[in-house]
Amino acid sequence: MINKLMNMKSAKNQHGATLLGMLIVGMFIVFVALIVMKVTPAYIEFMSVKKVLKSMQDESLATMTNKEIKDSFNKRASTSYVEVVTGADLVIEKGSSGTVVMVDYEVVKPIIGNVSVLIDFSARSDGK
């Protein structure tokens, strides 16, 4: 009898995960996974943009005109499947230390309904 009373008392003191708690955690995990799945392609494309700009730095940009630099970027970008940035978006600075090609752009990815994520990207050919 005492043993039954002890078991009933300990059962009342037990705490565990409820169905509602598990649903909330599950919805949070699904929401985070959705954001990661939507944002990852933008970051992959940004890495391609950085790679194209870095490979352009290996050329002698100082001897090229702005149009030649933009055409070179467009050719490299098309082979790297870069669609967000074109040669017209490039900012070219020619200075005493050399020519630097830069690009700043934003990507807006819709998540759910009217909720979106805005990501700012900035890349330079000199890697800074």
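Hi everyone. Let's begin at the outside: the accessible surface of this protein comes to about 9,400 Å², and carbon and sulfur atoms account for 62% of that. Please keep in mind that we are looking at a predicted model.

Now for the overall layout. The protein has three helices and three strands, and along the sequence they follow the pattern α-α-α-β-β-β. Of the 128 residues, 25% are buried. If you take the contacts between residues at least 6 apart in sequence, 49% of them join residues at least 24 apart.

Let's spend some time on helix H3, which covers residues 66–79. How far apart should the ends of its 14 residues be, at 1.5 Å a residue? The expected span is 20 Å, and the end C-alpha atoms are indeed 20 Å apart, so the two agree.

Which residues of H3 are buried? They are Ile69, Ser72, Phe73 and Ala77. Looking down the axis of H3, you would see these buried residues fall within an arc of 130°, so they line one face of the helix. Here is a general point that helps: an α-helix has 3.6 residues a turn, so residues three or four places apart point the same way.

What lies over that buried side? The cover includes H2, strand S1 (91–95) and strand S2 (98–112). On the face of H3 turned away from the buried side, you will find the exposed residues Lys67, Lys75 and Thr79. And just as a detail at the end, H3 is followed by Tyr81, which has a positive phi, near 60°.

Let me zoom in on one of the buried residues, Ser72. Ser72 has a relative accessible area of 11%, and the cut-off for buried is under 20%, so Ser72 counts as buried. Leaving out residues up to four places away in sequence, Ser72 touches Met56, Glu59 and Met64.

Next, charges. In general, side chains of opposite charge can pair when their charged atoms come close. How many salt bridges does a search of the whole structure find? It finds two.

One of them is in H3. The side chains of Asp71 and Lys67 meet there, at 3.0 Å from N to O. These two residues are four apart in helix H3, which means about one helical turn separates them. Lys67 is exposed, with a relative accessible area of 57%, while Asp71 is partly exposed at 31%.

The other salt bridge joins Arg124 and Asp126, with their closest N and O atoms 2.9 Å apart. Both partners are partly exposed: Arg124 has a relative accessibility of 27%, and Asp126 has 28%.

I've saved a charged residue without a partner for the end: Glu45. You can find Glu45 in helix H2, residues 19–57. Is Glu45 buried or exposed? Glu45 is buried, and yet it has no salt bridge. The nearest side chain of opposite charge belongs to Lys109, and that is 6.4 Å away. A salt bridge needs the nitrogen and the oxygen within 4 Å, so a distance of 6.4 Å does not qualify.

So what is Glu45 in contact with, apart from its neighbours within four places in sequence? The answer is Tyr81, Val82, Glu83, Val84 and Tyr105. You have met one of these already: Tyr81 is the residue with the positive phi that follows H3.

That's all from me. Thanks for listening!

Methods: Residues numbered from 1 in each chain as written. Predicted model: local features only at pLDDT ≥ 70, side-chain atom pairs only at ≥ 80, totals over all residues. Heavy atoms only, no water. Buried < 20%, exposed > 50% of the residue type's maximum accessible area, 1.4 Å probe, protein only. Lys, Arg positive; Asp, Glu negative; His and termini not counted. Contact = heavy atoms within 4.5 Å. Areas by Shrake-Rupley, 256 points an atom, 1.4 Å probe, with all protein chains shown as cover. Expected span 1.5 Å × (residues − 1). Arc of directions from axis to C-beta.
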